[in-house]
Amino acid sequence: MVSNTNQPYTTLSNGIGMPLLGLGVYDMHGHEAEQAVQDALEIGYRLFDTASLYDNENEIGNALRNSSIPREDIFVTTKLGNDDHGYDAALRAFEKSLVKLQMDYVDLYLVHWPVKGQRKESWKALEKLYNDKRVRAIGVANYSIEFLDELETYATITPMLNQVEFTPWLFQGELLQYCQNRNIQLQSYSPLTRGLKLGDPRLIALAEKYDRTPAQIVLRWNFEHGISTIPKSVSKKRLKENFESLAFKISEDDVALMDGFNENFRICDNPMDMF
Ligand SMILES: NC(=O)c1ccc[n+]([C@@H]2O[C@H](COP(=O)([O-])OP(=O)(O)OC[C@H]3O[C@@H](n4cnc5c(N)ncnc54)[C@H](OP(=O)(O)O)[C@@H]3O)[C@@H](O)[C@H]2O)c1
C-alpha cells in the first residue's frame, strides 16, 4: 500500500494503513520538539510516536495542529503510562492524552510496558476504547512472547501492533515469527541503538557497498523484514537521511548477514527482567 506521499504503508490486522517509517519523539521538548515535527512533516513523515511518559504530547499536538496536513493523513501513536494501569485509570489516562494532543482520537494506543498486576484490566480498557471508536487501533509495547501468550488467554481483540526494541544487535527472530503468525505488526524502537552501534565495522562495510549511511542500512534492514520503525532525530538533515532509507533495497543475503550481528545488546530494560 502506498500513500499520497508515495511512501510504503503497512496494513494492520483491522485493515487500517500505517506508514512503515515514523518519527519517535522521545527526549525532545518545547520548541525543539515542535520544530522536529514540522520538519518531519515537510520531508514526508506521517507517523509520530509519542507517549504520556515522554511529557511532550502537548508540543506534538501543537505542531500537528499548526500544520496544513489534514488530521486524517497523519498517524499518531501514544501510550498508556506505567502509573496509569487498571481499567478506570487507563480510561482516564487516555482522556488526558487526548486533551494534551488536542485531538479527538488517536490512531494507535499502546500499553507502554507489561506492568505486573493490572495489565489484564488495562487491556480491557484499551478494548473498550477500540470498540467505542476512540482509537483506530490498539496494541502493546515491550511484550515478549511470554506476555503475548498471557494476553491471548484473556484478550478478545488481538493487539494490532507490538513495539519492541529490535535491531541487528538484538535480533529476536522468534518474536518476529510469533507476531507474523498472528498478524501482529512488529515495530522497532531505538532502531539506531541511539548511535552506539553505528560504528560497527560490518555495518560500515555494508554502507560502503550500497553507498548509503550506516543509519540508512539499519533502517532498511527493518523494512526488508516487514518491520515498521520509528527513529528519533531533531536534526533536519538526519530526518531526511532516515526518510531516504525508504528508497533503496538491500539483498536477502545482506539481511541474513545483519541478522547474525545479534549479541542481545539492549538500550532499554529487558521487559522479562522487570515484570
Ligand atoms: N516503547 C518503548 O518502551 C520505547 C523505548 C524507547 C524508545 N521508544 C520510541 O522509539 C523512538 C526511537 O528510539 P530512541 O529515541 O530511543 O533511539 P534511536 O532512534 O535509536 O536513536 C536516536 C539517536 O540517534 C541520533 N540519530 C538519529 N538519526 C541519526 C542518523 N541518521 N545518524 C546518526 N545518528 C542519528 C539522534 O540524534 P539527533 O536527534 O541529534 O539526530 C538520537 O541521539 C523513541 O523516540 C520513542 O518514540 C519506545
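Where does Asp104 lie, relative to helix H3 (87-101) and S6? In this predicted model, Asp104 turns up in the loop between those two elements. The legends below start there and end at the ligand.

**View 1. Asp104, out in the loop between helix H3 (87-101) and S6.** With a relative accessibility of 60%, Asp104 counts as exposed, because the cut-off for that label is over 50%. Look for Arg134 in this close-up too: Asp104 and Arg134 are 30 residues apart along the chain, yet a C-alpha separation of 7.5 Å is all there is in space.

**View 2. Asp107, tucked into strand S6.** Strand S6 covers residues 106-111, and Asp107 is part of that run. Is Asp107 buried or exposed? Asp107 has a relative accessible area of 0%, so this one is buried. If you want a distance to go with it, try Thr193: Asp107 and Thr193 sit 86 residues apart in sequence, and their C-alpha atoms are 26 Å apart in space.

**View 3. Pro114, in the loop between S6 and helix H4 (119-131).** Being in a loop doesn't put Pro114 on the outside here: at 0% relative accessibility, Pro114 counts as buried. Phe147 makes a handy partner for this view. Going along the chain, Pro114 and Phe147 are 33 residues apart, while C-alpha to C-alpha they are 7.2 Å apart.

**View 4. Gln185 and its reach to Gly226.** Gln185 belongs to strand S9, which runs over residues 185-189. Its relative accessible area of 11% makes Gln185 buried, because anything under 20% gets that label. What does the side chain of Gln185 reach? The backbone oxygen of Gly226 is the partner, at 2.8 Å.

**View 5. Gly195, in the loop between S9 and H7.** At 39% relative accessibility, Gly195 counts as partly exposed, so it falls between the buried cut-off of 20% and the exposed cut-off of 50%. Cys179 is worth labelling alongside Gly195: the two are 16 residues apart in sequence, with 27 Å between their C-alpha atoms.

**View 6. Asp55, a non-glycine residue with a positive phi.** Check the backbone here: phi for Asp55 is about 55°, although this residue is not a glycine. Asp55 is found in the loop between strand S4 (47-49) and helix H2 (57-65). Its relative accessible area is 57%, so Asp55 is exposed.

**View 7. Asp211, another backbone with a positive phi.** Asp211 isn't a glycine either, but its phi is positive, at about 55°. You'll find Asp211 in the loop between helix H7 (201-210) and helix H8 (214-224). Asp211 counts as exposed, with a relative accessibility of 70%.

**View 8. The ligand and the residues around it.** How many residues surround the ligand? There are 29, and the closest are Asp49, Gln163, Leu192, Arg194 and Ser233. Sorted by class, that shell holds 14 nonpolar, 9 polar and 6 charged residues. Helix H9 (residues 236-243) gives the most to the shell, with 3 residues. As for where the ligand sits, the space it takes is the largest pocket.

**View 9. Polar contacts to the ligand, atom by atom.** Start with Asp49, where a polar side-chain atom lies 2.7 Å from an oxygen atom of the ligand. Next comes Lys232: an N or O atom in its side chain is 2.9 Å from an oxygen atom of the ligand. For Asn242, the partner is a nitrogen atom of the ligand, 2.8 Å from a polar atom in the Asn242 side chain. How much of the ligand does the protein bury? Taken alone, the ligand exposes 910 Å², and the protein buries 88% of that.

Methods. Residues are numbered from 1 along each chain as its sequence is written. This is a predicted model: local features need pLDDT of at least 70, side-chain atom pairs count only at pLDDT 80 or more; totals for chains, interfaces and linings use all residues. Side-chain values use heavy atoms; hydrogens and water are left out. A residue is near a molecule or strand if one of its heavy atoms lies within 4 Å of it. A polar contact is a pair of N or O atoms within 3.5 Å; within protein, one must be able to donate a hydrogen and the other to accept it, and residues adjacent in sequence count only if both atoms are side-chain atoms. Accessible areas come from the Shrake-Rupley method with a 1.4 Å probe; for residues, only the protein chains shown count as cover. On a 1 Å grid over the protein atoms alone, a cavity is a set of points where a 1.4 Å probe fits but cannot get out, and a pocket is an open set with protein on both sides within 12 Å along at least five of seven lines; lining residues have an atom within 4 Å of a point. A molecule sits in a cavity or pocket if more than half of its atoms lie within 2 Å of its grid points. Helices (H or I, at least four residues) and strands (E, at least two) are DSSP runs, numbered from the N terminus. Ala, Val, Leu, Ile, Met, Phe, Trp, Tyr, Cys and Pro count as nonpolar, Asp, Glu, Lys and Arg as charged, and the others, Gly among them, as polar. Buried means under 20% relative accessible area, exposed over 50%, partly exposed in between (1.4 Å probe, protein chains only).
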